[in-house]
Amino acid sequence: MSFLSFFVSRLAKALVVVLGVVILNFFLIRMAPGDPATVLAGEAGAGDEVFVQQLREQFGLDRPLPVQLGHYLWGVAQMDLGYSYRNRLPVLDLILDRLPATFLLMGSAFVFSIVAGVALGVLAARTRYENRRRWLDSVLVSGAMLLYATPLFWLSLMAIILFSVVLGWLPAFGMESIGANLAGIDRVLDIGRHMVLPTLSLGSFFMAIYVRLTRASMLEVMGMDFIKTARAKGVPARRVIRVHVLRNALLPVITFAGIQLGQMAGGAVLTETVFAWPGIGRLMFDALLQRDYQLLLGIFVMTSALVVLFNLLTDIVYRLVDPRIAASQGAPA
């Protein structure tokens, strides 16, 4: 199978998945109690049925569900995610305004988790395999288990109490200092200081998984015959680890990395809420409380499309890391 055929096949499947997610979320949101018209009427102090019905007609909620779905799908096909009557802005504009902050947080947490997790996993596997300083392996595995078992919101709150309230080293909330009017490198450094706590909190959970996953995968590869042969030929231990062991052991890590990027969007809801980070996770939380159907659906469409995109990139990286996958896909059935 050529790369172009592989890409087109995966892309077609991705579009079907996104369409299914959009339809499912559309009906699930409509099943939730309450609607935007009721919420807005209650806030306006005009709860009579006539006013609520007028709002439903304005929002298009009085139409049959299949008609609403068809209208929404047609808009999505034209990159029109609807209009947020709560915020008085197009949904796409609201999402694009918050998306860079979420990408910044997710990207930094992802890089931190995978770099630190793989490095610590390699260290734990080497100490275990070489039977030297095995206490370090036990410490790393126990620490990873502790981080994995710790709830994300509790870890975030404890980080705020320790590093912001008690020690005063780092800012607790927001993306940058309000009213500071910083520019250039000063603004970059200010945003960097605000990123430390949410990045460590969001990335620590996934880092713990990478430590255990990398360690287990490397120990399995180290026991294979071709590794024993390389060691018997006198290949330096560092080269064996870097060239032969790590490359074969990275496949499970790459698999989870693709899944992790999707899971981080869910974890970002908690992290952005705790740290008042202005991303789409916080926007999703506010839209849920306000029954802003159009905004919720727009966020779901965007996040599901990103998850599918990340999985597609994972498949591509798989073919680059392990040529055997491309060869097996090209073999006749």
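Author: Rings of Phe, Tyr and Trp, the last by its six-membered ring, pair if their centres lie within 6.5 Å. The model discussed here is predicted. By this rule the count comes to three aromatic pairs.

Reader: What makes Tyr148 and Phe205 a stacked pair?

Author: Their centres are 5.2 Å apart and their planes differ by 15°. Planes under 30 degrees apart count as stacked, so the pair takes that name. The two rings come from distant parts of the chain: Tyr148 lies in helix H6 (residues 134–149) and Phe205 in helix H8 (residues 185–222), 57 residues apart.

Reader: Why is Tyr148 called partly exposed?

Author: Its relative accessible area is 45%. Buried means under 20% and exposed means over 50%, so Tyr148 falls in between.

Reader: Why does Phe205 count as partly exposed?

Author: Phe205 has 26% relative accessibility, which is neither under 20% nor over 50%, and therefore it is partly exposed.

Reader: Why is the pair of Phe163 and Trp169 called tilted?

Author: Phe163 and Trp169 are 6.1 Å apart centre to centre, with 40° between the planes. Stacked needs under 30 degrees and edge-to-face needs over 60, so 40° leaves tilted.

Reader: How do you know whether Phe163 and Trp169 are buried, partly exposed or exposed?

Author: Phe163 is at 27% relative accessibility, between the two cut-offs of 20% and 50%, so Phe163 is partly exposed. Trp169 is at 54%, over the 50% cut-off, so Trp169 is exposed.

Reader: Which residues do ring pairs link into a cluster?

Author: The cluster consists of Tyr148, Phe205 and Phe206.

Reader: Which residues form the nonpolar patch on the surface?

Author: Among them are Phe153, Trp154, Leu157, Val165, Trp169 and Leu270. Together the patch residues have about 1,100 Å² of accessible area. Helix H7 (residues 152–166) gives the most to the patch, with eight residues.

Reader: What makes Val165 exposed?

Author: Val165, in helix H7, has 62% relative accessibility. Exposed means over 50%, so Val165 qualifies. Patch residues need over 30% relative accessible area, so Val165 meets that cut-off as well.

Reader: Why does Leu202 count as buried or exposed, whichever applies?

Author: Leu202, which is found in helix H8, has 1% relative accessibility. Buried means under 20%, so Leu202 is buried.

Reader: What separates the C-alpha atoms of Leu202 and Glu272?

Author: A distance of 9.6 Å separates these C-alpha atoms, and the two residues are 70 residues apart along the chain.

How values were computed:
Residues are numbered from 1 along each chain as its sequence is written. This is a predicted model: local features need pLDDT of at least 70, side-chain atom pairs count only at pLDDT 80 or more; totals for chains, interfaces and linings use all residues. Side-chain values use heavy atoms; hydrogens and water are left out. Patches are made of residues with over 30% relative accessible area and no salt bridge: like charges are joined within 9 Å, nonpolar side chains (Val, Leu, Ile, Met, Phe, Trp, Tyr) within 5 Å. Accessible areas come from the Shrake-Rupley method with a 1.4 Å probe; for residues, only the protein chains shown count as cover. A salt bridge is a side-chain nitrogen of Lys or Arg within 4 Å of a carboxyl oxygen of Asp or Glu. Helices (H or I, at least four residues) and strands (E, at least two) are DSSP runs, numbered from the N terminus. Buried means under 20% relative accessible area, exposed over 50%, partly exposed in between (1.4 Å probe, protein chains only).
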